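Please look at the sequence and the structure below, and keep both in view while reading. The paragraphs that follow begin with a sheet and then turn to helices.

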Amino acid sequence: MSAIDALLAQARRELGHRVDPREAAAVQEAGGLLVDIRYAELRERDGTIPGALVVERNELEWRLDPTGDHRAPEATHHDLPVVVICNEGYASTLAALSLRQLGLHRATDLAGGFQAWRGAGLGVELGG
């Protein structure tokens, strides 16, 4: 097993339950935050999830830390349910674990990423 595969497996053990697309939609409907960390080219190619906060991966921790000076207005408290979404559900696992380390104890990721969301037939806005 490669080092990154081992790291990913460990991160998934630490996160526990990862949400599926319908669970992610329910989190959003209940007031939680979907955070799309895909890079611009993928958003332009495939579209975005309506209502999701778009945050480039390299800015994620700064934008989601409720105590930080550079936080997004949506990052209101540490109890906020957050679902991190990448393209296929790999980078989002590591990102969600990083948010947990910042104290966002309800952070998780979308298993299968944006591609799973789209495959489930849930809403997508085209035009990135």
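Which residues of E1 are buried on one side, and which on the other? In this model, which is predicted rather than determined by experiment, Leu33 and Val35 are buried on one side of E1, while Leu34 and Asp36 are buried on the other, and both faces of the strand are thus covered.

To see where this strand sits, consider the sheet to which E1 belongs, an open sheet of four strands whose order is E2-E1-E3-E4 and whose pairing is parallel. Strand E2, at residues 53-54, and strand E4, at residues 107-109, stand at the edges, and because each has a single partner strand, one side of each is left without a neighbour in the sheet. As general background, the strands of a sheet pair through backbone hydrogen bonds, and they may do so in a parallel or an antiparallel way. Here E1, which covers residues 33-36, pairs with E2 in the parallel sense over two bridges, and Leu53 in E2 is the bridge partner of Val35. With E3, the pairing of E1 is again parallel and runs over four bridges, and in this case Leu34 has Val83 of E3 as its bridge partner.

From the sheet we can move to helix H5, which spans residues 91-101 and whose buried residues are Ser92, Thr93, Ala95, Ala96, Leu97, Ser98 and Leu99. What covers these buried residues includes two strands of the sheet, E3 (82-85) and E4, together with helix H1 (3-15) and helix H4 (60-64). After H5 comes Gly103, a residue whose phi is positive, near 105°.

The packing of H1 against H5 deserves a step of its own. In general, two packed helices are described by the angle between their axes and by the distance between those axes. For H1 and H5 the angle is about 50° and the axes are 9 Å apart, and the two helices are therefore oblique to each other. H1 passes H5 in a left-handed crossing, and the contact is made by Ile4, Leu7, Leu8, Ala11, Arg12, Glu14 and Leu15 of H1 and by Thr93, Leu94, Ala96, Leu97 and Arg100 of H5.

One residue of H5 that can be followed more closely is Thr93, which has a relative accessible area of 0% and is therefore buried. Apart from its neighbours within four places in sequence, Thr93 is in contact with Leu8, Ala11, Arg12, Leu15, Arg18 and Asp109.

Another buried residue to examine is Pro21, which is found in helix H2, at residues 21-29. Is Pro21 counted as buried or exposed? Its relative accessibility is 11%, and since buried means under 20%, Pro21 counts as buried. When neighbours within four places in sequence are left aside, Pro21 is in contact with Leu110, Ala116, Trp117, Ala120 and Leu122. The C-alpha atoms of Pro21 and Asn87 are separated by 13 Å, although these residues are 66 residues apart along the chain.

Finally, a record can be set beside the model: an unreviewed UniProt entry places the feature "domain: Rhodanese" at residues 28-126. In the model, the end C-alpha atoms of residues 28-126 lie 19 Å apart, and this span is 32% helix and 13% strand.

Definitions and conventions. Residues are numbered from 1 along each chain as its sequence is written. This is a predicted model: local features need pLDDT of at least 70, side-chain atom pairs count only at pLDDT 80 or more; totals for chains, interfaces and linings use all residues. Side-chain values use heavy atoms; hydrogens and water are left out. Two strands pair if DSSP finds at least two bridges between them. UniProt positions are given in the numbering used here, feature names are shortened, and annotations may be inferred rather than shown by experiment. Buried means under 20% relative accessible area, exposed over 50%, partly exposed in between (1.4 Å probe, protein chains only). Contact means heavy atoms within 4.5 Å. Axes are lines fitted to C-alpha atoms, for helices over the stretch in contact, and angles run from 0 to 180 degrees between N-to-C directions. Angles under 35 degrees count as roughly parallel, over 145 as roughly antiparallel, 65 to 115 as roughly perpendicular and the rest as oblique. A crossing is left-handed if the near helix is turned anticlockwise from the far one by less than a right angle, and right-handed if clockwise.
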